Amino acid sequence: MSTVGTMETLFERPLLDSLPAEFVCDFTVDLGPPLLISTPRGKLVQYIGKGRRVEGPRLHGEFLTSVDWVVLGTDGMTRLDIRGSIRTDDGALIYFETRGVVKLPPDGRERLMKGERLAFEGTYIRTTPKLETSDERYSWLNDFVLVSYNELSLAPPRMDFRMYRIL
């Protein structure tokens, strides 16, 4: 007897309470002085980022220089477009690209400008990284859907990443 057609479809299954995920790594990007550019979309801010250690169960190295584009939207949302690279401890180079959104509390920008670090629970900073390499030792990174929870500080200027792979 064939079981084709008797399997439960996606929409017949219960909704997930959370997405299954696996921790990939943590790292920090220190941000250089901002370059502000006015555009019709809002203020465009460019940062040159210099990374620190990348640490995870299977990924260890240094986050190298990045170019971080930040759009301070007229709608109160901030949009991120960040591109950089990672050099692993064993010499592999990995391309890093991420986009994301930042929603701060109403007084968030003022608090950041005063040097306050905003608590993770009071902000919404999420990014969707993509890692790419042709180094076979790290090719497992190429096919993942990744998400990051982030924290931002302006004194000193930096962004912290905690990256997960969606299973």
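# Close-up views of a predicted, strand-rich model

Read along the sequence, the protein chain runs β-β-β-β-β-β-β-β-α-β-β-β-β. The model is predicted.

**View 1. The whole chain holds 1 helix and 12 strands.** The C-alpha trace spans about 70 × 40 × 30 Å along its principal axes. The protein chain has 167 residues, and 38% of them are buried. Take the contacts between residues at least 6 apart in sequence: 50% of these join residues at least 24 apart. The chain exposes about 10200 Å². Carbon and sulfur atoms supply 59% of that area. Charged side chains number 22 positive and 24 negative. The centres of these two sets lie 5 Å apart.

**View 2. The largest nonpolar core has 31 residues.** Which of its members touch the most others? They are Phe27, Leu59, Phe96, Leu131 and Met163. Six strands each supply at least two residues of this core: S1 (21-31), S3 (42-51), S7 (78-88), S8 (93-103), S11 (146-154) and S12 (157-166). S1 gives the most, with 5 residues.

**View 3. Leu131 is one of the core residues that touch the most other members.** Neighbours within four places in sequence are left aside here. Leu131 is then in contact with Leu59, Ile86, Ile94, Tyr95 and Phe96, among others. Its contacts also include Leu141, Asn142, Leu146 and Met163. Of these partners, Leu59, Phe96 and Met163 are named with Leu131 among the core members that touch the most others.

**View 4. Val24 sits in strand S1.** Is Val24 buried or exposed? Val24 counts as buried because its relative accessible area is 4%, and the cut-off for buried is under 20%. What does Val24 touch beyond the residues up to four places away in sequence? Its contacts include Gly56, Pro57, Leu59 and Leu141. Leu146, Met163, Tyr164 and Arg165 are also among them. Val24 and Pro57 are 33 residues apart in sequence. In space, their C-alpha atoms are 6.8 Å apart.

**View 5. Strand S3 pairs with S1, S2 and S6.** S3 is mostly covered, with 7 of its 10 residues buried. A hairpin of 2 residues joins S2 to S3. S2 (residues 35-39) and S3 run antiparallel, joined by 5 bridges. Across this pairing, Ile37 stands opposite Leu44. Ser38 stands opposite Lys43. S1 also pairs with S3 in the antiparallel sense, over 3 bridges. There, Leu31 stands opposite Gly49. How many bridges link S3 and S6 (residues 66-73)? The two pair in the antiparallel sense over 8 bridges. Gly42 stands opposite Gly73 in S6.

**View 6. Along strand S9, residues 124-127, the side chains alternate.** Ile125 and Thr127 point to one face and are buried. Tyr124 and Arg126 point to the other face and are not buried. S9 has pairings with S8 and S11. S8 and S9 run antiparallel, with 4 bridges between them. In that pairing, Gly100 stands opposite Thr127. S9 and S11 also pair in the antiparallel sense, over 2 bridges. Here the bridge partner of Arg126 is Tyr149. Thr127, opposite Gly100, is buried. Arg126, the partner of Tyr149, is not buried.

**View 7. The loop between helix H1 (108-113) and S9 holds Thr123.** Gly115 has its place in this loop too. Thr123 is at 10% relative accessibility, so it counts as buried. Beyond the residues up to four places away in sequence, Thr123 touches Lys103, Leu104, Pro105 and Leu118. Is Gly115 buried or exposed? Gly115 falls in between, as partly exposed, because its relative accessible area is 25%. Buried means under 20%, and exposed means over 50%. Gly115 and Pro157 are 42 residues apart in sequence. Their C-alpha atoms are 8.9 Å apart in space.

**View 8. A cis peptide bond joins Ala155 and Pro156.** The omega angle of this bond is about 0°. Pro156 is found in the loop between S11 and S12. Both of these strands supply at least two residues to the largest nonpolar core.

Definitions and conventions
Residues numbered from 1 in each chain as written. Predicted model: local features only at pLDDT ≥ 70, side-chain atom pairs only at ≥ 80, totals over all residues. Heavy atoms only, no water. Core = buried A, V, L, I, M, F, W, Y, C linked by side-chain atoms within 4.5 Å. Buried < 20%, exposed > 50% of the residue type's maximum accessible area, 1.4 Å probe, protein only. Contact = heavy atoms within 4.5 Å. Pairing = 2+ DSSP bridges. Areas by Shrake-Rupley, 256 points an atom, 1.4 Å probe, with all protein chains shown as cover. Lys, Arg positive; Asp, Glu negative; His and termini not counted. Charge placed at Lys NZ, Arg CZ, Asp CG, Glu CD.
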